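Dear colleague,

Please find below the structure that I am handing over to you. My account of what was found in it follows.

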Amino acid sequence: MAEDYLTDDEQLEHVKQLFAEYGPWTIGAVVVGLGLAFGYRYYNQHMNERALDASAQFADMSAAVDGNSPAKARQIADGLIKSYPSSPYADQAQLVLARLAIDANQEAGAVGPLQEVIEHSKDGELKHIARLRLARVQIDQGKPDEALQTLSDPPGTFAARYDEVRGDAYYAKKDPAKAAELYKKALGEGDPQSMDSALLALKIADLGLAPASPTEAMMPPATPPASPAAPASSNKAKP
């Protein structure tokens, strides 16, 4: 019999039968849906709270560095790395630890934090920065070949800085010609109005060479002019 023609009592009995058959599944679905919605809201709130806490700790660490409080900055950096190991704040904390070690003339203590950023950071730009700083540390440690190996990856937008530090490595290897070549290349790749370009010009001058302008550094070597042809001899008799 079609449901539209059931009596009120029959319709009520039909509803009871449906609820008895499907009710537990419906209730379960509602409970699961509410649980997922609550869990999602709790997760978002938890992540927001963690992000705010990490940001606050990062601000405190930066203030400690600016305030010349290395012990406090180191303590906060260690806490950031431990509490938020996969966050960008952990990468910045590693760079701060490396900077503090270098400022304290403890270059060996900077190697580990810089390698952590190189190997584990998800930020390509921070990886380049860490490579450049590690290469400078290795040059200071008398390891120019290791510095060149550190800078063996493609430099991306950091080509000028890579070439400058490579030049420093070759200068440390007692190869001034190669150093000058890389300095000139870096000069052509960078901003001619920047302090980096001014420093490169000084490095080139220190090698006893004229500091080429950035435009000249990018130009290929000029082809020497051909020797002028000898004038044709005259067949006319002299008067």
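**Findings**

K178 lies over the face of Y170, at 5.8 Å from the ring centre. Please bear in mind that this is a predicted model.

Confidence. The average pLDDT of the chain is 78, and 66% of the residues score at least 70. Confidence is highest in helix 6, at 97, and lowest in helix 10 (residues 214-218), where the mean is 45. The pLDDT is below 50 over residues 213-239, a stretch that has 8 contacts in the model beyond near neighbours in sequence. I would ask you to read the remainder with these values in mind.

Aromatic residues. The structure holds 1 aromatic pair. Its members are F58 and Y89, whose ring centres are 5.6 Å apart; the pair is classed as tilted because the planes stand at 50 degrees, and tilted pairs are those that are neither under 30 degrees nor over 60. Distant parts of the chain are linked by this pair: F58 belongs to helix 1 (residues 8-66) and Y89 to helix 3 (residues 88-103), 31 residues apart. F58 has a relative accessibility of 25% and therefore counts as partly exposed. For Y89 the relative accessibility is 25%, so Y89 counts as partly exposed.

Nonpolar cores. The largest nonpolar core has 23 residues, and those with the most contacts inside it include L95, A110, L132 and V165. Two or more residues are given to this core by each of helix 3, helix 4 (108-120), helix 5 (124-140), helix 6 (144-150) and helix 7 (159-172). Helix 5 provides the largest share, with 8 residues. Leaving aside residues up to four places away in sequence, L132 touches L151, F158, R161, Y162 and V165. Another core, of 13 residues, lies apart from the largest one; among its members are M61, V65, A77 and Y84.

Surroundings of A64. Is A64, which lies in helix 1, buried or exposed? A64 is buried, because its relative accessible area is 4% and the limit for a buried residue is under 20%. Not counting residues up to four places away in sequence, A64 touches S69, K72 and A73. A64 and Q75 are 11 residues apart in sequence, and their C-alpha atoms are 10.0 Å apart in space.

Yours sincerely

Definitions and conventions: Residues are numbered from 1 along each chain as its sequence is written. This is a predicted model: local features need pLDDT of at least 70, side-chain atom pairs count only at pLDDT 80 or more; totals for chains, interfaces and linings use all residues. Side-chain values use heavy atoms; hydrogens and water are left out. Rings of Phe, Tyr and Trp (its six-membered ring) pair if their centres lie within 6.5 Å; planes under 30 degrees apart count as stacked, over 60 as edge-to-face and the rest as tilted. Helices (H or I, at least four residues) and strands (E, at least two) are DSSP runs, numbered from the N terminus. Buried means under 20% relative accessible area, exposed over 50%, partly exposed in between (1.4 Å probe, protein chains only). A charge sits over a ring if NZ of Lys or CZ of Arg is within 6 Å of the ring centre and within 35 degrees of the ring normal. A nonpolar core is a set of buried Ala, Val, Leu, Ile, Met, Phe, Trp, Tyr and Cys residues joined through side-chain atoms within 4.5 Å. Contact means heavy atoms within 4.5 Å. pLDDT is the predictor's confidence in each residue, from 0 to 100.
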